[in-house]
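The following questions and answers examine a single protein chain. The reader may wish to keep the model in view while working through them.

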Amino acid sequence: MRRLRTAVIGTGFMGRVHLEALRRVEFVDIVAIAGRELASAKRLGAGFGVETAVEDYRELLDDATINAVHICTPNASHYQMAKDALLADKHVLCEKPLSVSVEEAKELVDLAQERSLRNCVCHNLRYYPMVQQMRCMREDGDLGEVLVVQGTYSQDWLLYETDWNWRVDAKAGGALRAMGDIGSHWFDMAEHLTGLQVRSLCADLQTFYSTRKRPMQRVETFGGKLLTTEDVEDIPVHTEDFGAVMFRIGEEARGAMTASQVSAGRKNHLNIEIYGTKGSVRWDQERPDELWIGQRNSPNQVIVKDPSLLKKGAAGYADLPGGHSEGYDDTFKQIFRRFYRSIVEPQFSSEYPQMTDGLRQMRIMEAELASHRSRHWVDVLND
């Protein structure tokens with residue numbers, strides 16, 4: 001398999017996650033890093049053995065030897081960076097959300113299609129082996145017809161008024177925070193697992209802190225709760241801490257979910273439950289190697305990840321034998337491996353979320369915001 005050259009734009013939490021996972025894709029070389037602070041990009045590059053570091057990402061796009069770029073920057077910058085990269089004929093892997101508006105997302109989808117470039121939106125949470133097991137069970141008819149989909153994505157890292165991250169600022173993160181940052185992961189997984197689309201929804205959003213105390217210094221994702229500095233300023237907040245959504249999915253199925261960044265004790269609790277006419281399944285990201293299977297007339301089960309015992313379609317998402325845990329960082333390796341293989345082998349099916357999936361989540365988010373503001377049910381438009 002021919003080697004590919006890639007660059008990472010962004011030096012924060014997600015930039016480091018992508019760099020670590022890329023080192024595990026055997027035929028990909030990381031050749032450059034771009035960051036808004038050149039010193040940070042150089043330090044990060046030195047740690048990963050990447051010699052080229054730049055402050056302006058457009059310098060990377062001028063390099064004809066670079067095949068693809070990873071966009072790991074704040075949400076509001078995704079659209080322009082992705083657009084510039086596509087126009088430079090680079091394959092693009094972008095962190096979610098794809099943009100901060102449906103119009104921007106649609107433009108990127110059309111541009112990628114026009115230029116026949118591979119594109120991916122990093123809904124990596126699909127790639128836990130037990131999540132894929134759930135999908136295969138539904139496809140094989142083990143669950144019957146889907147009746148109910150429900151769950152939550154709950155965290156506690158923004159519980160206090162003194163907790164701060166760029167996502168709090170709508171100018172950087174977009175109008176929706178909890179629903180955009182983690183709620184979009186939940187809905188992407190729900191549609192991926194069930195094979196159904198959300199048709200309409202009713203959303204209620206809540207901002208518990210109308211102001212937050214922003215540190216004068218730069219704060220890493222999940223790092224704000226470690227601060228003890230008194231050097232802060234009060235900043236008005238217009239993004240939600242919590243959201244609840246009822247929804248109709250497919251022709252008859254119904255669902256409900258919550259997304260919260262103020263749930264004490266919940267570190268990264270994505271829980272999803274699917275109830276069908278034959279059986280049900282439940283998965284929790286904080287216990288990723290386990291899958292609960294529910295039955296009406298026989299004992300329930302909890303199975304543990306073992307690729308030799310998983311369904312054929314799910315086994316390929318696990319690289320380690322039973323008893324060897326695979327977690328968050330492994331999901332990035334799985335999605336990157338498939339993305340880059342599709343570049344090398346054009347005939348390879350795109351087994352990863354693309355910009356069309358990013359547009360899909362933007363349409364759901366648009367409906368959530370409209371529903372909250374109108375206090376009514378709102379239809380989710382299809383492409």
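## Aromatic pairs, strands and backbone geometry

A search of the whole structure, which is a predicted model, finds nine aromatic pairs.

Q: Y128 and W283 have ring centres 4.9 Å apart and planes at 50°; is the pair stacked, tilted or edge-to-face?
A: Planes under 30 degrees apart count as stacked and those over 60 as edge-to-face, with the rest tilted. The planes of Y128 and W283 stand at 50°, with the ring centres 4.9 Å apart, so the pair is tilted.

Q: How many residues apart in the chain are Y128 and W283?
A: Y128 belongs to the loop between β6 (119–121) and α6 (129–139), whereas W283 is in strand β14 (residues 280–284). Both residues are buried. The pair links distant parts of the chain, with a separation of 155 residues.

Q: Which kind of aromatic pair do F339 and Y352 form?
A: F339 lies in helix α10 (residues 328–344) and Y352 in the loop between α10 and α11 (355–374), 13 residues apart. F339 is buried, as is Y352. Their centres are 5.6 Å apart and the angle between the planes is 80°. An angle over 60 degrees is the criterion met here, and the pair is edge-to-face.

Q: Which residues do ring pairs link into a cluster?
A: This cluster is held by ring pairs. Its members are W186, F187 and F247.

Q: Over which ring does the charged end of R248 sit?
A: A second contact of this kind places the charged end of R338 over the ring of Y317, 4.1 Å from its centre. For R248, the charged end is 4.1 Å from the centre of the ring concerned, and that ring belongs to W377.

Q: Do the end C-alpha atoms of helix α8 lie at the expected span or away from it, and what is their separation?
A: Helix α8 (residues 178–194) has 17 residues, and at 1.5 Å a residue it should span 24 Å. The computed separation of the end C-alpha atoms agrees with this: 23 Å.

Q: Where is the kink in α8 centred?
A: Helix α8 is largely enclosed by the rest of the structure, because 17 of its 17 residues are buried. Just after the helix, G195 takes a positive phi of about 75°. Within α8 there is a kink of about 40°, and its centre is S184.

Q: In which sense do β1 and β2 pair, parallel or antiparallel?
A: Strand β2 (residues 28–34) is mostly covered, with six of its seven residues buried. V8 stands opposite I33 in β2. The chain passes from β1 through helix α1 (residues 13–22) to β2 in a right-handed β-α-β crossover. Strand β1 (residues 4–9) and β2 are joined by six bridges, and the sense is parallel.

Q: Which residue of β3 is the bridge partner of A32?
A: Three bridges join β2 to strand β3 (residues 52–54), and the two run parallel. The chain reaches β3 from β2 by way of helix α2 (residues 38–48), and this β-α-β crossover is right-handed. In β3, the partner of A32 is T52.

Q: Which strands stand at the edges of the open sheet?
A: Nine strands form this sheet in the order β16-β15-β14-β13-β7-β12-β11-β8-β17, with mixed pairing. An edge strand has a single partner strand, so one side of it is left without a neighbour in the sheet. The edge strands are β16 (301–304) and β17.

Q: Which residue of β14 is the bridge partner of Y275?
A: Strand β13 (residues 269–276) pairs with β14 in the antiparallel sense over five bridges. In β14, the partner of Y275 is S280.

Q: What is the omega of the cis peptide bond that joins K96 and P97?
A: P97 is placed in the loop between β5 (91–94) and α5 (102–114). The peptide bond that joins K96 and P97 is cis, and its omega is about -5°.

Q: Is R375 buried or exposed?
A: R375 is found in the loop between α11 and β17 (378–379), and its phi is near 60°, a positive value in a residue other than glycine. Its relative accessible area is 51%. The cut-off for this class is over 50%, so R375 is exposed.

How values were computed: Residues numbered from 1 in each chain as written. Predicted model: local features only at pLDDT ≥ 70, side-chain atom pairs only at ≥ 80, totals over all residues. Heavy atoms only, no water. Buried < 20%, exposed > 50% of the residue type's maximum accessible area, 1.4 Å probe, protein only. Helix = DSSP H or I, 4+ residues; strand = E, 2+ residues; numbered from the N terminus. Pairing = 2+ DSSP bridges. Right-handed = clockwise from strand over helix to strand, strands pointing away. Expected span 1.5 Å × (residues − 1). Bend = angle between axes of the 7 residues up to and from the residue. Phe/Tyr/Trp six-rings, centres within 6.5 Å; stacked < 30°, edge-to-face > 60°. Lys NZ or Arg CZ within 6 Å of the ring centre and 35° of its normal.
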